[in-house]
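Reader: Could you walk me through this model, starting with burial and then moving on to the sheet?

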Amino acid sequence: MSAPESEKARRFYNSNTSLFLNFGHSSGGSIHRAVWAENINNREAALHYVDEQLCRHLRTMGKEQDGQIIDLGCGVGASLCYIANNLPVTGLGITISDKQVQLATSLINQHNLQKRIACIQGDYCDLPEDLPRADLIFAIESFVHGENPARFFEQAAKLMKPGARLLICDDFINDTGLVNQAQSGSWIERFKQGWLIGSLLTADETDELATQHELRLIEDLDLSPWLELDRPRDKLIALLMKLLGKSALNFQYLRMLYGGNALQYCLQEGWLAYRLLVWEKPYE
């Protein structure tokens with residue numbers, strides 16, 4: 001991210017992370033969405049569905065015992081802690097928010113994982129040169145906040161060991177032409193304004209960037225049908241946003257609700273999709 005965009009993102013997460021944890025889908029520090037996939041029958045499992053996919057990939061790669069993982073945009077470290085509690089791996093989380101670093105460090109200490117897991121402040125588009133190379137790198141609901149997705153893949157690819165995998169779980173636009181249509185374009189812009197979206201790509205556009213670094217797409221799952229949409233609380237938020245309009249953008253937490261309401265509508269209309277994409281780096 002550029003310096004101004006990084007500062008906006010830092011302020012956004014410093015202001016809102018505690019609210020995400022208290023009023024969102026949170027479980028054990030998770031600020032990610034619940035995915036009610038097949039055979040998921042409780043909220044705890046739904047909230048950790050994507051974390052379980054990460055564990056699955058580590059097992060498939062034979063790295064469940066000694067794998068090195070890196071979370072780009074780690075939030076408060078909930079995914080890192082979940083994986084490390086289930087598999088004896090080591091890991092590093094990177095977040096733009098100093099507030100999230102404090103919360104992540106506290107969560108890591110609560111789980112007594114400080115010898116294997118750490119969190120640092122940084123920009124995933126401008127990473128330190130001395131970071132360890134990883135077997136599995138992931139970005140859960142953080143990729144869209146970067147304004148330079150090409151740089152994201154450049155940085156991630158450098159950190160990947162031969163045979164390593166990169167997983168992104170995030171929102172993707174289904175057709176770039178939607179931004180130029182009156183109704184869809186208006187709602188997509190609301191989402192971008194509310195959630196400080198730096199880039200919004202199709203899955204194919206994202207894969208093209210990955211291919212430039214010789215990464216091969218091995219998995220593409222559309223998780224949208226399994227999200228919780230239009231719950232009673234979502235209807236109340238939609239009503240509030242209708243009353244407030246763009247004035248909600250003047251307040252940090254209301255800005256997040258404004259963007260979240262637009263995201264829900266875009267998902268319901270099929271303009272956006274919540275997808276899980278996985279790439280593999282070839283052996284040298």
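Author: Buried residues, meaning those under 20% relative accessible area with a 1.4 Å probe and protein chains only, make up 54% of the 284 residues in the chain. This is a predicted model, where local features need pLDDT of at least 70, side-chain atom pairs count only at pLDDT 80 or more, and totals for chains, interfaces and linings use all residues. Residues are numbered from 1 along each chain as its sequence is written, and side-chain values use heavy atoms, with hydrogens and water left out.

Reader: And how much area does the chain expose?

Author: About 12700 Å² by the Shrake-Rupley method with a 1.4 Å probe, and carbon and sulfur atoms supply 49% of that area.

Reader: OK, the sheet: in what order do the strands come?

Author: The order is β3-β2-β1-β4-β5-β7-β6 in an open sheet with mixed pairing, where strands are DSSP runs of E with at least two residues and two of them pair if DSSP finds at least two bridges between them.

Reader: Why is one side of β3 and of β6 left without a neighbour?

Author: Because β3 (117–121) and β6 (216–222) stand at the edges of the sheet, each has a single partner strand.

Reader: How do β1 and β4 run, parallel or antiparallel?

Author: Strand β1 (residues 68–72) and strand β4 (residues 134–140) run parallel and are joined by three bridges, and I69 has L136 in β4 as its bridge partner.

Reader: Which strands does helix α6 touch?

Author: Helix α6 (residues 149–159; helices are DSSP runs of H or I, at least four residues) packs on the sheet and touches β1, β4, β5 (160–173) and β7 (272–280), a contact being heavy atoms within 4.5 Å.

Technical notes
Buried means under 20% relative accessible area, exposed over 50%, partly exposed in between (1.4 Å probe, protein chains only). Axes are lines fitted to C-alpha atoms, for helices over the stretch in contact, and angles run from 0 to 180 degrees between N-to-C directions.
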